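Please open the structure in your viewer and keep the selection panel at hand. The tour below proposes one selection after another and says what is to be found at each stop.

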Amino acid sequence: MITETAPRSRLQSVVPRVSTVARLVLAAVFIAAGTLKAIDPSGSVAAVRAYELVPAGLETLIGWGLPFLEIGLGLLLALGLQTRAVAIASAVLLLTLIAAVVSVAARGLSIDCGCFGGGGPVPPSETNYASEIVRDLGLLLLAGWLIWQPRSRFSLDS
Amino acid sequence: MTSSARRAREQARQRAAAAAKRQRQRRIVLLVVVISLVVLIGGGIAFQAWRTLRAPSAAPTTGSPSLTPVAVTEGKPIVLGTAEAPVKLSLYEDFHCPHCAEFEEEYGPVLSDAQDSGKAALEVYPMSFIDAGSAAAANAMACAAEAGFGSQYYQGLFANHTLQWNDDQLIELAKQITPVPGEAFETCVTSRGHAGWVDSINAAADAKGINSTPTMFLDGTRLDLASLTPEALQTKIEEAATTR
């Protein structure tokens, strides 16, 4: 039999708790962001259009579908189902969103990211690319932690 | 072979079988998760398509159904209610702005009362910064005002604010209000008869520095909508009407 030989260190009991917090914070942010966008389908499509990255048909699909992807990932994180796989998907999504904001900033467009509803063009003085990117990097850090330490307390996986 | 070696091999076999079973279960769970996610996203897209492309629901029939044609003048708002009313309420809204729809739901009854009682006239500046549907709806709003059912059309547009506002939907909404909106109205909608006026309203709002909707002025004074309540608005309207 393989037995736990290492003493149950303090670290071992802390890590799953940190993972639980990471999981729930990421879940809350995704569910809030998705819901706020899903309320307003035309606004959501307009927010995607403002990025000027994808053709018109795709703008509609992303504007309508992305909020539900976020809600779905958020619900899975909240339940703690397949945490590592969901964390990988979340990290990919966050990287894509960060890349989109970086591309907007680089092209000199002035828009609101529409991350939590709203979005679309804004006056140049009202862009917040730096804080939007920093916030998404913070979320990416949480997703990264969950890829590394997917086991957490109060999850369906355990 | 000793019996203990046999036992050890038997245990190893069982462990391997248990591990394989766990692996299979994990794969099934992952598959279920992926399928659920795909169904959720597909269902979400279908739901939004329905919310956007369905026919408008019946427009509310509050407000006087008197068909009084309203003039549409470049750069000037559409006036709903009696033009001689003592109080002027100026409203800057986009027909696709969700906050504007919420605002209408909350304050609509007070605004209708004020129009019906002749205390206030509503000056509507329909801005169109969200999308093409905003502009199409603003144009149709002008067409409806000209045809004489502006008040009801205005309420109908906000009651159905998630719609895309293609020409069919804009004409269908008019049919919910008046069985025969008329050839002139339909042509006005499909040919964007008031496109110039729509541009002039956006320019007028820009010139006034309006950068968020809804924005409301009572006799030229901007009201702070964050702290306003429908009751407080009613009081303000009545006070302004009596001091006139």
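The tour begins with one chain, passes through the interface and ends in the sheet of the other chain.

Before selecting anything, keep in mind that this is a predicted model.

**Chain A as a whole**

Select chain A and colour it by secondary structure: five helices and two strands should appear, and from the N terminus on they follow one another as α-α-α-α-β-β-α. Aligned on its principal axes, the C-alpha trace of this chain fills a box of roughly 60 × 25 × 20 Å. Of its 158 residues, 42% count as buried, and among the contacts in chain A between residues at least 6 apart in sequence, 74% join residues that are at least 24 apart.

**Helix 4 of chain A**

Now select residues 83-106 of chain A, which make up helix 4, a run of 24 residues that reaches 34 Å from its first C-alpha to its last, close to the 34 Å expected at 1.5 Å a residue. Show side chains for the buried residues of this helix, which are Thr83(A), Val86(A), Ala87(A), Ala89(A), Ser90(A), Leu94(A), Leu97(A), Val101(A) and Val104(A). When reading such a list, recall that an α-helix has 3.6 residues a turn, so residues three or four places apart point the same way. To see what covers the buried residues of helix 4 of chain A, add helix 1 (10-38), helix 3 (56-79), strand 1 (111-112) and helix 5 (129-148) of chain A, which are included in that cover. After helix 4 of chain A comes Gly108(A), a residue with a positive phi, near 75°.

**Where the chains touch**

Bring chain B into view and select the residues at the contact, where 19 residues of chain B are in contact with 19 residues of chain A. On the side of chain B that touches chain A, helix 1 of chain B (residues 3-53) gives the most, with twelve residues. Coloured by class, that side of chain B shows ten nonpolar, seven polar and two charged residues.

**Chain B as a whole**

Hide chain A and look at chain B alone, which has eight helices and five strands in the sequence pattern α-β-β-α-β-α-α-α-α-α-β-β-α. How large is the radius of gyration of chain B, when a compact globule of 244 residues would have one near 18 Å? The value for chain B is 29 Å, and along the principal axes its C-alpha trace spans about 110 × 45 × 35 Å. Colouring by domain is helpful here: the domain assignment gives domain 1 (1-53) and domain 2 (60-242) of chain B, and the centres of these two domains, taken over C-alpha atoms, are separated by 55 Å. Buried residues make up 39% of the chain B total of 244 residues.

**The sheet of chain B**

Select the five strands of chain B, which form an open sheet in the order 1-3-2-4-5 with mixed pairing; the edge strands are strand 1 (78-80) and strand 5 of chain B, each of which pairs on one side only. Starting from strand 1 of chain B, three bridges join it in the antiparallel sense to strand 3 (residues 120-127) of chain B, where Glu123(B) is the bridge partner of Val79(B). Strand 3 of chain B in turn pairs with strand 2 of chain B in the parallel sense over eight bridges, and Leu91(B) has Val124(B) as its bridge partner there.

Is strand 2 of chain B enclosed or exposed? Seven of its eight residues are buried, so strand 2 of chain B is largely enclosed by the rest of the structure. Strand 2 (residues 87-94) of chain B also pairs with strand 4 (residues 215-218) of chain B, here in the antiparallel sense over four bridges, with Leu89(B) standing opposite Leu218(B). Leu218(B) also stands opposite Thr221(B) in strand 5 of chain B. Strands 4 and 5 of chain B form a hairpin with two residues between them, and Asp219(B) in the turn has a positive phi of about 45°.

**A last stop at Ile210(B)**

Finally, select Ile210(B), in the loop between helix 7 (195-207) and strand 4 of chain B. Leaving aside neighbours within four places in sequence, Ile210(B) is in contact with Tyr92(B), Ala205(B) and Thr215(B). Why does Ile210(B) count as partly exposed? Ile210(B) has 19 other C-beta atoms within 10 Å, whereas a residue is buried if 20 or more lie within that distance.

Note on methods. Residues are numbered from 1 along each chain as its sequence is written. Chains are lettered from A and ligands numbered from 1 in the order in which they are written. This is a predicted model: local features need pLDDT of at least 70, side-chain atom pairs count only at pLDDT 80 or more; totals for chains, interfaces and linings use all residues. The expected span of a helix is 1.5 Å times one less than its number of residues. A residue is buried if 20 or more other C-beta atoms lie within 10 Å of its own, exposed if 12 or fewer, and partly exposed in between; C-beta atoms are placed from the backbone. Two residues are in contact if their C-beta atoms, placed from the backbone, lie within 7 Å. Ala, Val, Leu, Ile, Met, Phe, Trp, Tyr, Cys and Pro count as nonpolar, Asp, Glu, Lys and Arg as charged, and the others, Gly among them, as polar. The radius of gyration is taken over C-alpha atoms; the globule rule is 2.2 Å times the number of residues to the power 0.38. Two strands pair if DSSP finds at least two bridges between them. Domain bounds come from an automatic or database domain assignment.
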